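Q: Before I set anything up with this one, could you talk me through what is in it? I'll interrupt as we go.

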Amino acid sequence: FRVDQSMTMTVEPSFSFTWTNGVPYFSPHVNVYFRHYYNFTKRNMKGKRTAKNSANFVGATMVFNFWNAAWTPSMESNDYIRYFSVGPLWGIQRNYSKHFSLGINLSPLISLGNKGIKPDAMAMVTLGFWLGN
């Protein structure tokens, strides 16, 4: 969603795989990003593409994780973990002329869940194709 000329808000469902104490977890969640794109002028002066917010950004992220389920034969209630994470965000977004998109998001996070508060981090690479003009 476009907030103004250089700001967007993104809401995306996603999932990840993580390992804790040697046990793999499948984690569906919803990420919310608020991004401020800051290097349009510099990219334009160098003749680089800026269409579709092809620029670097800073912002904030929130992650709502609905549950983690340990892939073990003996499932316990402790294996179901709901949590919320928040933190600053830095990244790049590049949208190429053939409708191909590349994104990188990096964020240190603070996570709060039924196992307490803990420091966390997110590193994400996104490959995609955008629709429309």
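A: Gladly, and bear in mind that this is a predicted model. Among contacts in the chain between residues at least 6 apart in sequence, 52% join residues at least 24 apart.

Q: And how many helices and strands does the secondary structure come to?

A: The chain has 1 helix and 8 strands, and read along the sequence these follow the pattern β-β-β-α-β-β-β-β-β.

Q: Which strands pair with S4, and in what sense?

A: Strand S4, residues 55-65, pairs in the antiparallel sense with S3 over 9 bridges, and S4 also pairs in the antiparallel sense with strand S6, residues 83-95, over 11 bridges.

Q: Can you give me residues that stand opposite each other there?

A: On the S3 side, tyrosine 37 stands opposite phenylalanine 57 in S4, while valine 58 stands opposite tryptophan 90 in S6.

Q: Switching to charges, what about arginine 35, is it buried or exposed?

A: Arginine 35, which lies in strand S3 (residues 23-37), is buried and yet has no salt bridge.

Q: Where is the nearest side chain of opposite charge, then?

A: That side chain belongs to glutamate 12 and is 5.9 Å away from arginine 35. This does not count as a salt bridge because the cut-off is 4 Å between a side-chain nitrogen of Lys or Arg and a carboxyl oxygen of Asp or Glu.

Q: So what does the side chain of arginine 35 make a polar contact with?

A: The partner is the side chain of glutamine 93, at 2.7 Å. Leaving aside residues up to four places away in sequence, arginine 35 also touches several others, including Met7, Phe57, Val58, Leu89 and Asn105.

Q: New topic: where is isoleucine 117, and is it buried or exposed?

A: Isoleucine 117 is in strand S8, which covers residues 116-129, and it is exposed, with a relative accessible area of 64%.

Q: Which residues does isoleucine 117 touch?

A: Not counting residues up to four places away in sequence, isoleucine 117 touches Ile110, Ser111 and Leu112. As for tyrosine 83, which is 34 residues apart from isoleucine 117 along the chain, the two C-alpha atoms are separated by 9.4 Å.

Q: Last one, how much area does the chain expose, and what share counts as buried?

A: The chain exposes about 8500 Å², of which carbon and sulfur atoms supply 64%, and of its 133 residues 35% count as buried.

Methods:
Residues numbered from 1 in each chain as written. Predicted model: local features only at pLDDT ≥ 70, side-chain atom pairs only at ≥ 80, totals over all residues. Heavy atoms only, no water. Helix = DSSP H or I, 4+ residues; strand = E, 2+ residues; numbered from the N terminus. Buried < 20%, exposed > 50% of the residue type's maximum accessible area, 1.4 Å probe, protein only. Contact = heavy atoms within 4.5 Å. Lys, Arg positive; Asp, Glu negative; His and termini not counted. Polar contact = N/O pair within 3.5 Å; in protein donor to acceptor, adjacent residues only side chain to side chain. Pairing = 2+ DSSP bridges. Areas by Shrake-Rupley, 256 points an atom, 1.4 Å probe, with all protein chains shown as cover.
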